[in-house]
Amino acid sequence: MGERVGSWLSGLEARAARSMSTPLREYVEHGSGEGHTTGEATRAWRSLRLRPHVLRDVTDVDLGVTLLGRPSRLPWGVAPTSLQRAVHPDGEVATARATAAAGGLMVVSSNAGSTFAEIAATGVDWWLQVYLPSDRTLVGPLLDRAVEAGAGAVVLTVDTPVVATWYPTEGLIWDLADPAWTRVNFGPGHEGQPGTEKALDLGPHDIDWLRERTGLPVVVKGVLRGDDARRCVQAGAAAVWVSTHGGRQLDRVLTTAQALLEVRAAVGAEAEVYVDGGLRDGIDVLSALASGADAVFVGRPVLHALVEGEAGVARWHAAMSAETGEAMRLAGCRSVADTRDLLAPPANDGLNRL
Ligand SMILES: Cc1cc2nc3c(=O)[nH]c(=O)nc-3n(C[C@H](O)[C@H](O)[C@H](O)COP(=O)(O)O)c2cc1C
């Protein structure tokens, strides 16, 4: 058999690596601890097996979904990631322009290096991601700026009471990064105030508080269990986001491909359910939709594409659209709603287990 020729998407990480400094590359790619969770994520999606339909008209395929009441032309969104301006000078603005043109959704990290106003000016649909500090009042100005600039939801990241340890070989990017690349949406003098450290006492009441404080729907990011997902929904969350933080928090947790099934079953139709972690191609997206996700989010590949600025991210959305559209046609699906019965039950031969 001849050598397999890979797609543009499959070569993306290796190409990006050639343009990044070692500290930046390590910052983007790393997982915490020994990297078990990061390493298993993509493999878990690829261990799932699908039952395609045949004899269905797939002339027109629609990738669109409705997320928190707003249409998105794509069933994936851009996950929040920091240091986009270290990857490309245009940073979040380039990501936002390309995502707006593709008709998709972008979640903006609270550590972003571009202002909410600059991002909103691209016309992109965007949500704010936040960590809550131990003194909740200190996040108020950030929330007000996001509401004023038109954020459509607040994504509360709950898997980071502390930042998990990892071991860079050549120094931490944060020590090398230009301060202008990060946290530009906090007011001057925010850093170093007592109470800005990440809250160790997060609870369901914080979901309700955020909703009241902003008037926006709250999405809870970093949930891996059905019982926790139910607590979020009971506390007023509009959506639950299954995530291991790209394997950057507790190492050796279950894969998001596995957790998604439990969370979807626990939440039912009461709230939306999203998933991220290791989703790299169109069949990965289809597998997540078939497992019950209302939408998926993608972190590192967008950064890899952003090495080439807005054009790179535009090409990434286009390649993902082409692959997902092809996978849906081959599976006999004309819409995301058609994908829900595709997942094959676990086989006895272990094929669709990690
Ligand atoms: C470089 C980098 C920075 C990140 N920064 C944040 C962040 O600021 N807030 C957050 O909630 N998640 C952050 N994440 C996690 C992503 O939102 C997402 O959960 C994860 O990257 C998904 O996995 P994937 O990279 O395999 O697609 C970051 C991930 C990476 C790789």
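How far does a polar side-chain atom of His-245 lie from a nitrogen atom of the ligand? In this predicted model, the separation between these two atoms is 3.2 Å.

**The ligand and its surroundings**

The side chain of Ser-243 also takes part, with an N or O atom placed 3.3 Å from an oxygen atom of the ligand. Arg-300 contributes through its backbone instead: one of its backbone N or O atoms is 2.9 Å from a ligand oxygen atom. On its own the ligand has 600 Å² of accessible area, and the protein covers 98% of it.

The shell around the ligand is made up of 23 residues, and the closest of these are Pro-80, Ser-109, Thr-157, Asp-276 and Arg-280. By class, the shell holds seven nonpolar, 11 polar and five charged residues. Two helices each give at least two residues to this shell, namely helix 2 (22-29) and helix 13 (300-306).

**The largest pocket**

The ligand takes up the space of the largest pocket. The volume of this pocket is about 960 Å³. Its lining consists of 45 residues, of which Tyr-27, Ser-82, Asn-111, Tyr-131 and His-245 are the closest to the centre of the pocket. Helix 2, strand 10 (295-298) and helix 13 are the elements that supply two or more residues to the lining. Thus helix 2 and helix 13 appear in the pocket lining and also in the shell around the ligand. The lining of the largest pocket divides into 19 nonpolar, 17 polar and nine charged residues.

His-245 therefore deserves a second mention under this heading: this residue is among those closest to the pocket centre, and its side chain has the polar atom 3.2 Å from a ligand nitrogen atom.

**Enclosed cavities**

The model also contains two cavities of 30 Å³ or more. Their volumes and the classes of their lining residues are set out below.

| Cavity | Volume | Lining residues by class |
|---|---|---|
| Largest cavity | about 50 Å³ | five nonpolar, two polar, one charged |
| Second largest cavity | about 40 Å³ | one nonpolar, five polar, one charged |

The residues that line the largest cavity are Tyr-131, Leu-132, Thr-157, Thr-160, Pro-161, Lys-198, Ala-199 and Leu-202. Of these names, Tyr-131 is also one of the residues closest to the centre of the largest pocket, while Thr-157 is among the residues closest to the ligand.

The second largest cavity is lined by Thr-37, Ala-41, Thr-244, Thr-255, Thr-256, Asp-276 and Gly-277. Asp-276 in this lining is likewise one of the residues closest to the ligand.

Definitions and conventions: Residues are numbered from 1 along each chain as its sequence is written. This is a predicted model: local features need pLDDT of at least 70, side-chain atom pairs count only at pLDDT 80 or more; totals for chains, interfaces and linings use all residues. Side-chain values use heavy atoms; hydrogens and water are left out. A residue is near a molecule or strand if one of its heavy atoms lies within 4 Å of it. A polar contact is a pair of N or O atoms within 3.5 Å; within protein, one must be able to donate a hydrogen and the other to accept it, and residues adjacent in sequence count only if both atoms are side-chain atoms. Accessible areas come from the Shrake-Rupley method with a 1.4 Å probe; for residues, only the protein chains shown count as cover. On a 1 Å grid over the protein atoms alone, a cavity is a set of points where a 1.4 Å probe fits but cannot get out, and a pocket is an open set with protein on both sides within 12 Å along at least five of seven lines; lining residues have an atom within 4 Å of a point. A molecule sits in a cavity or pocket if more than half of its atoms lie within 2 Å of its grid points. Helices (H or I, at least four residues) and strands (E, at least two) are DSSP runs, numbered from the N terminus. Ala, Val, Leu, Ile, Met, Phe, Trp, Tyr, Cys and Pro count as nonpolar, Asp, Glu, Lys and Arg as charged, and the others, Gly among them, as polar. Grid points are joined across faces, edges and corners, and a volume is the space filled by probe spheres set on the points.
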